[in-house]
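Reader: I'm new to this one. Could you show it to me and let me ask how you know things?

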Amino acid sequence: MSAITLKSVKKRYQKSLVVHGVDVTIEQGEFVVILGPSGCGKSTLLRMIAGLEEISEGEILIGGKVVNDLEPRERGCAMVFQNYALYPHMTVAGNIGYALKVAGMKRVQRDAKVLAVATSVGLETFLDRRPGQLSGGQRQRVAMARAMVREPKVFLFDEPFSNLDAKLRVAMRSEVRRLHRDLGVTSVFVTHDQTEAMTLADRLIIMNAGKVEQVGTPSEVYHRPASRFVADFIGSPAMNLIEGVFDAHGFFNYGKDGRLPVDLGSRMAGRKVSLGVRPEAVRRAQPGTSGAIAATVDYVEELGASRLIYASNNGHQIIAVDTSSATIPTGSQLHFTFAEQDMHLFAAEDGRRIDTGIADPRRSSSPANDLTIKA
Ligand code: ADP
Ligand code: MG
């Protein structure tokens, strides 16, 4: 088990900077997920930790030791990829035990070790099969067992489940979580799938275009996104985000003539921001409620336990989660409000979060704290 520290780690390919100075410490035994859209530099960062890619600037430490100049095999990392890269002509046992054989471990010892590891991932009855005779999920397990058998200090996963169907991905996710609980090995897992990331991670490193946007627990990145990018990327359906500007009269002005009473006092007057509210924090209001946003229903999506209302106001789409059973015809007018502490603000200049000084949005909203209504 080992902590991993990245100090101003950069990667340049020719002239283009693809990883812009990453500073982060992954604690010993922690499960950290690197999450971001395709092409943002996740694999590059992971491969630099593994030693498969040279770093252009900065330092990487594993277990307190600088590993910049160490070969991949000297770093104590085991990597699991999306394309499992199993040897097709070898059996499951052969694939799992290959590294031990190369290292010169005796047959008897090796067989015992292979059996133990195979059993821990549910492969004990498949030891004599070849990869071609296995399902995608079983092959993925062989790849994991092959990594585990080396008893690495660090597990590195690069989108290992992207080839699997939805159900299997969920099953593999809990398997990886269980293995991590049992083995306690420091793990770094790369994915572009936010659900996978949120369910697996102790902490997430959210990346965008080679930069780290936020490092935080799933709850932190969801409830206090550090940037507009994170706010938009995490959560499904995505957060409602409206661009506008505050005035000195206690209003948020958006679109052609949208005016929302949000009194943040004079300090925000003239500030251009994105105002965000999660769909589940948007509440239905009675018609005539002053300060409520009137919107026309475009369509309703049934999800079973709840439904999503897609409505528009002043050219902006508003998505609201609705748990009532009332009929909502397309084209009807609804009114929406939200509690002040459920509001997120991001500066227009750089997309960074603006602290409004309003209580933590994680606390449940109470009607008493609803927006200051200005008639
Ligand atoms: P991700 O894993 O997040 O999808 P990558 O780390 O694979 O992203 O790639 C990050 C960026 O670096 C991309 O723009 C990609 O085109 C570029 N890149 C990756 N490998 C190379 C390479 N060997 N040469 C030049 N550019 C590369
Ligand atoms: Mg990648």
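Author: Sure, let's go through the ligand and then the pockets.

This is a predicted model, where local features need pLDDT of at least 70 and side-chain atom pairs count only at pLDDT 80 or more, while totals for chains, interfaces and linings use all residues. Residues are numbered from 1 along each chain as its sequence is written, chains are lettered from A and ligands numbered from 1 in the order in which they are written, and side-chain values use heavy atoms, with hydrogens and water left out.

Reader: What makes a residue part of the surroundings of ligand 1?

Author: One of its heavy atoms has to lie within 4 Å of the ligand. Tyr13, Val18, Pro37, Ser38, Gly39, Cys40, Gly41, Lys42, Ser43 and Thr44 surround ligand 1. Helix H1, residues 42-50, gives the most to this shell, with 3 residues; a helix here is a DSSP run (H or I, at least four residues).

Reader: Why is the pair between lysine 42 and ligand 1 called a polar contact?

Author: The cut-off for a pair of N or O atoms is within 3.5 Å. An N or O atom in the lysine 42 side chain is 2.9 Å from an oxygen atom of ligand 1, so the pair qualifies. Backbone N or O atoms do it too: one of glycine 39 lies 2.6 Å from a ligand oxygen, and one of cysteine 40 lies 3.2 Å from a ligand oxygen.

Reader: How much of ligand 1 does the protein bury?

Author: The protein buries 57% of the 560 Å² that ligand 1 exposes when taken alone. Those areas come from the Shrake-Rupley method with a 1.4 Å probe.

Reader: What makes something a pocket?

Author: On a 1 Å grid over the protein atoms alone, it's an open set of points where a 1.4 Å probe fits, with protein on both sides within 12 Å along at least five of seven lines; lining residues have an atom within 4 Å of a point. The largest pocket has a volume of about 450 Å³. It is lined by 19 residues, and the closest to its centre are Ala78, Met79, Phe81, Arg146 and Arg150. H2 gives the most to that lining, with 4 residues.

Reader: How many residues of that lining are nonpolar?

Author: The largest pocket's lining divides into 15 nonpolar, 1 polar and 3 charged. Ala, Val, Leu, Ile, Met, Phe, Trp, Tyr, Cys and Pro count as nonpolar, Asp, Glu, Lys and Arg as charged, and the others as polar.

Key:
Polar contact = N/O pair within 3.5 Å; in protein donor to acceptor, adjacent residues only side chain to side chain. Helix = DSSP H or I, 4+ residues; strand = E, 2+ residues; numbered from the N terminus. Points joined across faces, edges and corners; volume = space filled by probe spheres on them.
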